[in-house]
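Welcome! Have a look at the structure below, and then let us walk through how its parts fit together.

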Amino acid sequence: MSLVRTVARPMLASMFLVGGMDALRHPSSKVPAAKPLIDRVAGPLNLPQDPELLVRANAVTMLAGGSLLATGHFPRLASLALTGTLVPTTLAAHAYWREHDPVQRKQQRTQFLKNLGLLGGLLLAAVDTEGKPGVAYRAHLTRKAAERTVHTSRREARHAARAAKREASLVAARARSAAHDALS
């Protein structure tokens, strides 16, 4: 793993580790901000109608994903999980467009943009293959190799058929010659 990844992943994960620990220890302080969003999405997503439970579940996901990302274990999967926690958290806690007080609006907009930056970092981490080919590219290479194998097999079969035909012609010519010599 490169030095940049070794340093950047824990830095990116730090916000989720601290935020997840705080939400796990004090879920009731997060419930008022989360409740309106939970009320809207719990039914359609078939989630429990318990805001504190969902805040705790989000916190556990943040801690697990943050730990995995910080240590470099399953960083792409961890980044996707953290993206899943960041979007609802940002919408619930930093809806600056609803604020009427200019000072609060500015603070919430700053937090919203900070989370937007974190989201960008997570998306980059989610697609980072560490210089190795991604799954799609490897699948493409495998398909191309299979196509080459089929093409080569067909070419070899054509060559073998031509060689067999030439050999049969030679055998037939020899037989005719031998028959001609025997009759003469």
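In this predicted model, helices H4 and H5 are roughly antiparallel to each other, because their axes cross at roughly 160° and an angle over 145° counts as roughly antiparallel. The two axes come within 8 Å, and H4 passes H5 in a left-handed crossing. On the H4 side, the contact is made by Pro75, Arg76, Ser79, Leu80, Leu82, Thr83, Leu86, Val87, Thr90 and Ala93. From H5 come Gln108, Phe112, Asn115, Leu118, Leu119, Leu122, Leu123, Ala125, Ala126 and Val127.

Thr83 is a good place to pause along this contact. Thr83 is found in helix H4. Is Thr83 buried or exposed? With a relative accessible area of 13%, Thr83 is buried, since buried means under 20%. Leaving aside its neighbours within four places in sequence, Thr83 is in contact with Leu119, Leu122 and Leu123.

Now let us turn to another helix pair. The axes of H1 (3–25) and H3 (51–71) also come within 8 Å, crossing at roughly 155°. That angle makes H1 roughly antiparallel to H3, and the crossing of H1 and H3 is left-handed. H1 brings Arg9, Pro10, Leu12, Ala13, Phe16, Leu17, Gly19, Gly20, Met21, Ala23 and Leu24 to the contact. H3 answers with Val55, Arg56, Ala59, Val60, Met62, Leu63, Gly66, Ser67, Leu69 and Ala70.

H3 has a further partner in helix H2 (residues 31–41), with axes 9 Å apart and a packing angle of about 100°. That makes H2 roughly perpendicular to H3. The residues in contact are Val31, Ala34, Lys35 and Ile38 of H2, together with Pro51, Glu52, Leu54 and Val55 of H3.

Here are the three helix pairs side by side:

| Helix pair | Axis distance | Angle |
|---|---|---|
| H4 and H5 | within 8 Å | roughly 160° |
| H1 and H3 | within 8 Å | roughly 155° |
| H2 and H3 | 9 Å | about 100° |

What fills the space among the helices? In soluble globular proteins, nonpolar side chains tend to be buried together. Here, the largest nonpolar core has twelve residues: Leu12, Ala13, Phe16, Met62, Leu69, Ala78, Leu82, Leu86, Leu118, Leu119, Leu122 and Ala125. H1, H3, H4 and H5 each supply at least two residues of this core. Which helix gives the most to this core? H5 does, with four residues.

Two members of the core let us see its contacts. Phe16 touches Met62, Leu63, Leu82, Thr85, Leu86 and Leu122, setting aside residues up to four places away in sequence. Leu69 lies in helix H3 and counts as buried, at 0% relative accessibility. With residues up to four places away in sequence again left out, Leu69 touches Arg9, Leu12, Ala13, Pro75, Ala78, Ser79, Leu82 and Leu122. For a sense of scale, the C-alpha atoms of Leu69 and Leu113 are separated by 22 Å, with these positions 44 residues apart along the chain.

The aromatic rings make a nice last stop. The structure holds three aromatic pairs. In one of them, the rings of Tyr96 and Trp97 have their centres 5.2 Å apart and their planes at 75°, so the pair is edge-to-face. Tyr96 is partly exposed, with a relative accessible area of 22%, and Trp97 is partly exposed too, at 39%.

Tyr96 also pairs with Phe112, again edge-to-face, at 5.4 Å centre to centre and 65° between the planes. This pair links distant parts of the chain, 16 residues apart: Tyr96 sits in the loop between helix H4 (75–93) and helix H5 (102–127), while Phe112 belongs to helix H5. Phe112 is buried, with a relative accessible area of 17%. Together, ring pairs link Tyr96, Trp97 and Phe112 into a cluster. Phe112 has appeared before: this residue is also part of the contact between H4 and H5.

Methods. Residues numbered from 1 in each chain as written. Predicted model: local features only at pLDDT ≥ 70, side-chain atom pairs only at ≥ 80, totals over all residues. Heavy atoms only, no water. Phe/Tyr/Trp six-rings, centres within 6.5 Å; stacked < 30°, edge-to-face > 60°. Buried < 20%, exposed > 50% of the residue type's maximum accessible area, 1.4 Å probe, protein only. Core = buried A, V, L, I, M, F, W, Y, C linked by side-chain atoms within 4.5 Å. Contact = heavy atoms within 4.5 Å. Axes fitted to C-alpha atoms, helices over the stretch in contact; angles between N-to-C directions. Parallel < 35°, antiparallel > 145°, perpendicular 65-115°, else oblique. Left-handed = near helix turned anticlockwise from the far one by under 90°.
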